[in-house]
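Biologist: I would like to learn how to read a model like this one, feature by feature. Could you take me through it?

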Amino acid sequence: MEPSQQTVRSLEDRIPYMKKQRRKKANRRMFSVLSLFGILILLVVYMQTSMSNVKEVKVSGLYWLEETYVFQDMKLDSSTKFVSLSPNKMSEQMEKLPGVKRVEIDRSWYNKVQITVTEEKMIAYAKAEKGDVVVLADGSLHPTGAITDPQKLKDGPLLREFNTEEELEKIASELERVDDATRARMSEVILSKRKDEPTRYEIFMNDGNTLLTPTLKLSETVSKYGEIYENIPKGERGTVVMDGGFYFVPYKKTNE
C-alpha cells in the first residue's frame, strides 16, 4: 500500500476517536456552565431569603460585663445578613469600649457567629456613691455601674484617696504586675499625701501589717513581702517600710 493511502486510512480510523474526545470536552464545558449557573442560583436564593440571616450568636468570656454593653451601638440579630458581617470591624468597635481588652469573632458554617471576649482584669475596687466599683487593669472604673456581688470583689484591695484618672491608672498598672496571691493579701491601699513627706502608698495587709512604699516601686517592693513576713517576729504586727531598704517598726502598744 502506498504511503498516501496509509495516511488516509489512518485519519479515517482516528475520526471516531476524535469525535468522541470532542463530545467529552463539550460535555465537560456544558457541565461546568450548568454547575456555575446552579451555584449562582443558589447564591441568589441564599442572599434573598432568611437563609442568609444570622441564626445564632454565642458570646463567651463575659464576667464583669453584660452583653447589652458589649453590643451597644451595634446591630446584630436575626435580621442581620451573615455575609455582611465584618469580624475585623466588629472586633475593633468592641475593643474601643472601656473594660474590653480583646475580641475574637468566628463565623461558623453559614449563619452562626461565635464571639469570645477577653475583659480587662479586675485589679481592685473603690468606693462610689452607689456602692463598690471595680477598678480594671487599665485604670478605668467598671463601665456598667456598681458591683453588688461581694464574691466578685474578694481578689483585690480597696483603693482610697485616688481622686484622679491619672492616679488610678498608675496604681492599676503597678497592681497588675503584682502576683495574684500577694494582691489578694492586700486589704486597702491608700494614696498617702502627708505634709513634709513624700507621696507614697500605704498598704494594709489582711495579716494586720502595714506596708509603706514609694508610688513608683509598688510592684517591685511588694513582691518581696512574703520573704520579709517570714522574718517578722512571731506574734508581732507593725509597719514595714520599703524605701531603699526594708525595716520593720512594731505598732505601739497601748497601756492596758
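Modeller: Gladly. Let us begin with confidence: pLDDT is the predictor's confidence in each residue, from 0 to 100. This is a predicted model, and the protein chain averages a pLDDT of 77. Of its residues, 71% score at least 70.

Biologist: Where in the protein chain is confidence lowest, and where is it highest?

Modeller: The lowest mean, 63, belongs to helix α1, residues 3–48. At the other end is strand β8, residues 200–205, where confidence reaches 92.

Biologist: Let us turn to charge. How many salt bridges does the structure hold?

Modeller: The general idea comes first: side chains of opposite charge can pair when their charged atoms come close. In this structure there are seven salt bridges. One of them joins the side chains of Glu104 and Arg102, with an N to O distance of 3.9 Å. The cut-off for a salt bridge is within 4 Å, so this pair counts.

Biologist: Are Glu104 and Arg102 buried or exposed?

Modeller: Partly exposed is the label here. Buried means under 20% relative accessible area and exposed means over 50%, with partly exposed in between. Glu104 is partly exposed because its relative accessibility is 49%, and Arg102 is partly exposed because its value is 39%.

Biologist: Which residue forms a salt bridge with Lys121?

Modeller: That partner is Asp180, and the closest N and O atoms are 2.8 Å apart. The pair links distant parts of the chain, 59 residues apart. Lys121 sits in the loop between β3 (112–119) and β4 (122–128), while Asp180 belongs to helix α5, residues 180–184. Lys121 is partly exposed, at 35% relative accessible area, and Asp180 is partly exposed too, at 46%.

Biologist: What about Glu188 and Arg160: which parts does that pair tie together?

Modeller: The side chains of Glu188 and Arg160 meet in a salt bridge of 2.9 Å, N to O. Glu188 lies in strand β7 (residues 186–192) and Arg160 in strand β6 (residues 158–160), so the bridge ties together parts that are 28 residues apart in sequence. Glu188 has 22% relative accessibility and counts as partly exposed; Arg160, with 33%, is partly exposed as well. There is also a network: salt bridges that share partners join Lys121, Asp180 and Arg183.

Biologist: And charges of one sign? Which residues form the negative surface patch?

Modeller: A patch takes residues with over 30% relative accessible area and no salt bridge. Asp138, Glu165, Glu166, Glu169 and Glu176 make up a negative surface patch. Take Glu166 as the example: Glu166 lies in helix α4, residues 165–176. Its relative accessible area is 63%, so Glu166 is exposed.

Biologist: Which residues form the positive surface patch?

Modeller: Lys24, Lys25, Arg28 and Arg29 form it. Lys24 is placed in helix α1 and, at 39% relative accessibility, counts as partly exposed. Keep the confidence in mind as you read this patch, since helix α1 has the lowest mean in the protein chain.

Biologist: How do I read backbone angles? Which residue has a positive phi although it is not a glycine?

Modeller: Most residues other than glycine have a negative phi. Here Glu161 has a positive phi of about 70°. Glu161 is in the loop between β6 and α4.

Biologist: Last topic: separation along the chain against separation in space. How far apart are Val249 and Gly238, C-alpha to C-alpha?

Modeller: They are separated by 5.5 Å, and eleven residues apart along the chain. Val249 is found in strand β11, residues 245–250, and is partly exposed at 39%. Another pair is Ser219 and Ser173: 46 residues apart in sequence, with C-alpha atoms 8.9 Å apart. Ser219 is in helix α6, residues 218–222, and counts as buried because its relative accessibility is 14%.

Biologist: Where does Lys252 lie, and is it buried or exposed?

Modeller: Lys252 lies in the segment after β11 and counts as exposed, with 82% relative accessibility. Its C-alpha atom is 9.5 Å from that of Arg237, and the two residues are 15 apart along the chain.

Note on methods: Residues numbered from 1 in each chain as written. Predicted model: local features only at pLDDT ≥ 70, side-chain atom pairs only at ≥ 80, totals over all residues. Heavy atoms only, no water. Helix = DSSP H or I, 4+ residues; strand = E, 2+ residues; numbered from the N terminus. Patch = residues over 30% accessible without salt bridge, like charges linked within 9 Å, V, L, I, M, F, W, Y side chains within 5 Å. Areas by Shrake-Rupley, 256 points an atom, 1.4 Å probe, with all protein chains shown as cover. Lys, Arg positive; Asp, Glu negative; His and termini not counted. Charge placed at Lys NZ, Arg CZ, Asp CG, Glu CD. Buried < 20%, exposed > 50% of the residue type's maximum accessible area, 1.4 Å probe, protein only.
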